[in-house]
Amino acid sequence: QVQLVESGGGLVQAGGSLRLSCATSGRTFSSSYTGWFRQAPGKDREFVAGISRSGSSTYYVDSVKGRFTISRDNARNTVYLQMNSLKPEDTAVYYCAASIYTSLDSIRRRSGSAYDYWGQGTQVTVSS
């Protein structure tokens, strides 16, 4: 079993930055493909970013490319999402998710169904 706990959310003005953390415990974290998703009120859950088990490969939804950076520290069993130049449309609950697989193809990594473990979410609110 894997437990995921997100932290780092909050209220920030447009143009500001936040760093989200996802601390994990349980199953060997370093073997899990890990992603960040978000869900805004009244909208479907959206893939934001994903990272391979080694951290050498990262993927982003187009709307956050150049602004967000996903990274991982396997020694600390933690995945991060650095968010810069935040916009009001980034407002959402952000979720960390881990897969039992070590890698996911370009289609599966964007689907929530490919992930087996989820955190409780952390709220990010960007004011204009």
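Begin by selecting strands β9 (residues 92–98) and β11 (residues 122–127) in this predicted model, where three bridges join the two strands and the strands run antiparallel. To see where they face each other, pick tyrosine 94, which stands opposite threonine 122 in β11.

Keep β11 selected and add strand β2 (residues 10–13), which pairs with β11 in the parallel sense over four bridges. On this side, glycine 10 is the residue to pick, and valine 124 in β11 stands opposite glycine 10.

Now show the side chains of β11 itself and follow how they alternate along the strand. Thr122, Val124 and Val126 point to one face and are buried, whereas Gln123, Thr125 and Ser127 point to the other face and are not buried.

The next stop is the aromatic rings, of which a search of the whole structure finds five pairs. Select phenylalanine 37 together with tyrosine 115, whose rings form an edge-to-face pair with 5.1 Å from centre to centre and 85° between the planes. This pair links distant parts of the chain, since phenylalanine 37 belongs to strand β4 (residues 34–39) while tyrosine 115 lies in the loop between β9 and β10 (117–118), 78 residues apart. Is this pair of phenylalanine 37 and tyrosine 115 buried or exposed? Both residues are buried.

Leave phenylalanine 37 selected and add tryptophan 118, whose ring centre is 5.0 Å from that of phenylalanine 37, with the planes at 55°, so this pair is tilted. Here too distant parts of the chain are linked, with phenylalanine 37 in strand β4 and tryptophan 118 in strand β10, 81 residues apart. If you colour the two residues by accessibility, phenylalanine 37 has a relative accessible area of 1% and is buried, whereas tryptophan 118, with a relative accessible area of 28%, is partly exposed.

Widen the selection to Tyr33, Phe37, Phe47, Tyr115 and Trp118, which ring pairs link into a cluster.

Before leaving phenylalanine 37, add arginine 45, which lies over the face of that ring at 5.8 Å from the ring centre.

For the last stop, select arginine 109 and tyrosine 59, where the charged end of the arginine sits over the tyrosine ring, 3.4 Å from the centre of that ring.

Note on methods:
Residues are numbered from 1 along each chain as its sequence is written. This is a predicted model: local features need pLDDT of at least 70, side-chain atom pairs count only at pLDDT 80 or more; totals for chains, interfaces and linings use all residues. Side-chain values use heavy atoms; hydrogens and water are left out. Rings of Phe, Tyr and Trp (its six-membered ring) pair if their centres lie within 6.5 Å; planes under 30 degrees apart count as stacked, over 60 as edge-to-face and the rest as tilted. Buried means under 20% relative accessible area, exposed over 50%, partly exposed in between (1.4 Å probe, protein chains only). A charge sits over a ring if NZ of Lys or CZ of Arg is within 6 Å of the ring centre and within 35 degrees of the ring normal. Two strands pair if DSSP finds at least two bridges between them.
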